[in-house]
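Biologist: I am new to this structure and would like a close look at a single part of it. Please pick a group of neighbouring elements and take me through them step by step.

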Amino acid sequence: MSPQRKLELEFAESIGHTELSLRRRNHEEFRAEMLRFLKRMQARTLSAYVRREMDRRVTEVILSRACMLPEPEPILLREFKRMTRLGFSSVDRRVHIAAMLGRWVQLGKEDSPIVRPFIADTARRVQCLRRGRYKRECMKDIEQAMVRTGMKPA
């Protein structure tokens, strides 16, 4: 196994352990510790692509934490802007984040000007996929997010 592959596997395992060890902390402490973890892991890799993917994964974990505990809108906007700046590695990641944002609206009873346009854009991107099981699964998740935000009747 190559050293790069070992590092990727170690990162995948470590991110879960780090997330679990920080679950009782508030959002700011959680974010700071996850970013420190990211810096430590990125210092060990040589590839810019792998560093960017690590950054995307950690940012997604931070954003999902902000969505599940319904954090206030400014915190969510900060994390969402960071995620969009980094970009999405796949349509699947975009669908996952759209579903989390739909849940944030449902849990927080609060709407945001970024949520509905992002979900609509993700739905358009999923429509461009070839027919098949993958597209159906993605559309099911997007439709659920649309129902949670009130974009579509239940």
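Modeller: Happily! Let me begin with a word we will need throughout: a residue is buried when its relative accessible area is under 20%, exposed when that area is over 50%, and partly exposed in between, using a 1.4 Å probe and the protein chains only. The model is predicted, so local features need pLDDT of at least 70 and side-chain atom pairs count only at pLDDT 80 or more, while totals for chains, interfaces and linings use all residues. Residues are numbered from 1 along each chain as its sequence is written, and side-chain values use heavy atoms, with hydrogens and water left out. Helices are DSSP runs of H or I with at least four residues, strands are runs of E with at least two, and both are numbered from the N terminus.

Our part is the group of helices H5, H6 and H7. We start with H5, which covers residues 91-108. Its expected span is 1.5 Å times one less than its number of residues. For the 18 residues of H5 that gives 26 Å, and its end C-alpha atoms are indeed 26 Å apart. The buried residues of H5 are Arg94, Val95, Ile97, Ala98, Met100, Leu101, Gly102, Trp104 and Val105. They pack against H3, H4, H6 and H7, where contact means heavy atoms within 4.5 Å.

Next comes H6, residues 115-127. This helix has 13 residues and reaches 18 Å from its first C-alpha to its last, close to the 18 Å expected. Val115, Phe118, Ile119, Thr122, Ala123 and Val126 are its buried residues. They lie on the same side of H6, because they cover an arc of only 140° around the axis; the arc is that of the directions from the helix axis to the C-beta atoms. The spacing has a general background: an α-helix has 3.6 residues a turn, so residues three or four places apart point the same way. As for partners, the buried residues of H6 pack against H4 (73-86), H5 and H7.

That brings us to H7, residues 133-149. Its 17 residues should span 24 Å, and the end C-alpha atoms are 25 Å apart, which agrees. Buried here are Lys135, Cys138, Met139, Ile142, Ala145, Met146 and Thr149. These residues share one side of H7, because their arc around the axis is only 120°. On the other side of H7, Arg133 and Arg136 are exposed. The buried residues of H7 pack against H5 and H6, so the partners named for H6 come back here from the other direction, because contact means heavy atoms within 4.5 Å.

One more residue of H7 deserves a look, and that is Glu137. Glu137 is partly exposed, with a relative accessible area of 39%. Glu137 and Val126, the latter one of the buried residues of H6, are eleven residues apart in sequence and 10.0 Å apart in space, C-alpha to C-alpha. Finally, H7 is followed by Gly150, whose phi is positive, near 85°.

To trace this part yourself, start from the buried residues of H5, which pack against H6 and H7 among others. Then follow the buried side of H6 and the buried side of H7.
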